[in-house]
Amino acid sequence: MPAGVGTSARLTPPSAGDGPKQLEYARALAQRGQLFAALIPAERAVKLEPQSAPAYLLAALISSNLGYNADALRFYRRSIQLDPSLLEAYQRMGDLQLGNGDTSGAEATFKMAMTRTPDTAGPRLSLARLYSETQQHSKLMDTLSPLLQSPAAPVAALYLAGKSCQTLGRTREAEDYLNRAIKARPDFADAYHALGSIHANEGRYSDGIPELEKAVAVQPDNPVFHYALGNALRSDTARPDHLSLARDAFEKALELDPTMTIAHYFYGLTLEETSEPEAALRELRHTLQLDPKFLSAGYRIGVIYRSIGNEKEGKRYLEQFGKAAKSEITQVHTNRRQDSFVDTAQAQYHRAMAYLKSGDRARAIAALKEALARDPSYGLARRQLGELGAGIP
C-alpha cells in the first residue's frame, strides 16, 4: 500500500453513482493511510465498475491491509479474471495465501503468474522464495535456472540459489552464487553471512571470519551476525585471542537480543573455556530458563559443577540430562535399549537427528557440535553440519 503522500486538505467525496471517481477517491484516501475510510469507496467502485480490474485490485489491497483476508482473496481472484496479465494481483494474492499458511494455493498462484509471463523475473522469484521457506531446494534451483544463467541475474535469485546449494551440500556452487550476489551488491550483509558460514563450516576460518566481519560491519544491529562471528572465532583455535574475540561477539549478540538461547549457550561454553565457571553457569542456567529442553546446557552445567568440586549439583544435573536424553532418543529409535545410553558423540548425533525430525534446527546444530566436541573425528556429525549448512547458523 503506498505511503501517505497526500496533503492535509480535506478530500471531497464524489457522487455515489460515479464509479471512476469512487476509485480515484479510494486511492487518494489509501495513499493518506486512511484505509478504513478508503474501503467504502473501493467497495462502491467494484459494484459500479464490475469489469474494472484496477478497482478490484485496489479493493483487495485495502482489504488485505486491514486483515479482511477472505474478501481480499475474492477481490484478487476477480481482478485476475478480468486481467490475467495483472502481475501485482498474482504477487499479492500469493503472498497473502502464503501468510495464511496455504502454501499449495500460493504455489499455484505463483505458477500461474510464471506461465503468463515466463520471461519475467518476479513470479520466478516469488515461487523460489516459497520453495526456500518450505525447504524444497531442488525445486527452487529448477525454478531459478533460467535467471541464474544470465550474467545479469537478479541479486535475490543469486542469494536464494546460494543458500539452497549450501543446504544441498553443493558448496562450490553456493560460493559462486554468493560471490556473484556480493559483486552485484557490495552491501548485501546476508550474502556475506552465508558465504562466511560456508567457509567456517569447512574449517576455513581465515576465509570465513572476514566475510562474517563484513556482514557485521554492513549490518551491526543484527544479533545473528554477531553470534555467527562469535561461533567462528570460538572454533578458530589457530588464533591465540580467539576466545576473547568470541566473547566480545557473543556479548554484542546478546546485548542486541537477550532472548537468543543459542547465543547464551555458546557464550556459556566460551566462558567455561576461559576459566570463568561461575559466569558460565549463569549463562547455561539462563539457557535452560529460556528453553528447558536444551539438554546440552544441562549436561555442561553438571560438568562444570563437578569441575569446581560441587559433586552433589553436578550429579543432579548429569542424572537429569541422562534421563531426558534417553527418553528423547528412544522416542525416535524405539528399538534402542533404555539402559544403553552413554553421553558419547554417537548419542549426541542421534539426539540431533531427533531434533531435526521434530523441526528444531537450532538444538540439532547444538547437539551436532557437542558430538564433535566429544569426538572431533566423528564424521557423521561433521557431515550433517555441512549438509545443513548450519555449523555457523
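# Exercises on a predicted all-helix chain

A156 has its place in helix 9, and the model in which these exercises are set is a predicted one.

## Exercise 1. A156 and its partners

Task: State whether A156 is buried, partly exposed or exposed, and determine which residues beyond its sequence neighbours it contacts.

Solution. Begin with accessibility: the relative accessibility of A156 is 25%, and because the partly exposed class lies between 20% and 50%, A156 counts as partly exposed. Next, set aside the neighbours within four places in sequence, which leaves A156 in contact with L125 and R129. Finally, consider the spacing of one of these pairs: A156 and L125 lie 31 residues apart along the chain, while their C-alpha atoms are separated by 7.5 Å.

## Exercise 2. The span and surroundings of helix 7

Task: Compare the end-to-end distance of helix 7 with the span expected at 1.5 Å a residue, then work out which of its residues are buried and what covers them.

Solution. Helix 7 runs over residues 121-133 and has 13 residues, so a rise of 1.5 Å a residue gives an expected span of 18 Å, and the end C-alpha atoms are indeed 18 Å apart, in agreement with that expectation. Turning to burial, the buried residues of this helix are P123, R124, L125, S126, L127, A128, L130 and Y131. The cover over these buried residues includes helix 5 (87-99) and helix 6 (103-116), as well as helix 8 (137-148) and helix 9 (155-167). L125, which is buried in helix 7, is also one of the contacts of A156, and A156 itself lies in helix 9.

## Exercise 3. From the loop after helix 7 into helix 8

Task: Describe the backbone and the exposure of Q135, and then characterise the surroundings of H137.

Solution. Q135 is located in the loop that joins helix 7 to helix 8, and its phi is near 60°, which is a positive value in a residue other than glycine. With a relative accessibility of 55%, Q135 counts as exposed. H137, by contrast, belongs to helix 8, and its relative accessibility of 9% places it among the buried residues. Beyond its neighbours within four places in sequence, H137 is in contact with S132, S164, T167 and L168. With one of these, S164, the contact is also polar, since the two side chains approach to 2.8 Å, and the cut-off for a pair of N or O atoms is 3.5 Å.

A second loop residue can be treated in the same manner. S275 sits in the loop between helix 15 (261-273) and helix 16 (277-290), its phi is likewise near 60° and positive in a residue other than glycine, and S275 is exposed, with a relative accessible area of 63%.

## Exercise 4. The packing of helix 4 against helix 5

Task: Classify the mutual orientation of helix 4 and helix 5, and identify which residues of the two helices meet.

Solution. Two packed helices are described by the angle between their axes together with the distance between those axes. For helix 4 (residues 69-82) and helix 5, the axes come within 9 Å and cross at roughly 150°. Angles over 145 degrees count as roughly antiparallel, so helix 4 is roughly antiparallel to helix 5. The hand of this crossing is left-handed. On the side of helix 4, N69, A72, L73, Y76, R77, S79 and I80 take part, and they meet A89, Y90, R92, M93, L96 and Q97 of helix 5.

## Exercise 5. Helix 2 and L39

Task: Establish what covers the buried residues of helix 2, and locate L39 within that setting.

Solution. Helix 2 has 14 residues and reaches 20 Å from its first C-alpha to its last, close to the 20 Å expected at 1.5 Å a residue. Its buried residues are L35, A38, L39, P41, A42, A45 and V46, and their cover includes helix 1 (19-31), helix 3 (53-65) and helix 4. L39, found in helix 2, has a relative accessibility of 8% and therefore counts as buried. Apart from neighbours within four places in sequence, L39 is in contact with A59, I62, S63, L66 and Y68. The C-alpha atoms of L39 and A26 are 6.8 Å apart, although the two residues are separated by 13 residues in sequence.

## Exercise 6. The chain as a whole

Task: Find how many helices and strands the chain has, and what share of its residues is buried.

Solution. The chain contains 21 helices and zero strands, and buried residues make up 49% of its 393 residues. Among the contacts with a separation of 6 or more, 48% are between residues 24 or more positions apart.

Methods: Residues are numbered from 1 along each chain as its sequence is written. This is a predicted model: local features need pLDDT of at least 70, side-chain atom pairs count only at pLDDT 80 or more; totals for chains, interfaces and linings use all residues. Side-chain values use heavy atoms; hydrogens and water are left out. Helices (H or I, at least four residues) and strands (E, at least two) are DSSP runs, numbered from the N terminus. The expected span of a helix is 1.5 Å times one less than its number of residues. Buried means under 20% relative accessible area, exposed over 50%, partly exposed in between (1.4 Å probe, protein chains only). Contact means heavy atoms within 4.5 Å. A polar contact is a pair of N or O atoms within 3.5 Å; within protein, one must be able to donate a hydrogen and the other to accept it, and residues adjacent in sequence count only if both atoms are side-chain atoms. Axes are lines fitted to C-alpha atoms, for helices over the stretch in contact, and angles run from 0 to 180 degrees between N-to-C directions. Angles under 35 degrees count as roughly parallel, over 145 as roughly antiparallel, 65 to 115 as roughly perpendicular and the rest as oblique. A crossing is left-handed if the near helix is turned anticlockwise from the far one by less than a right angle, and right-handed if clockwise.
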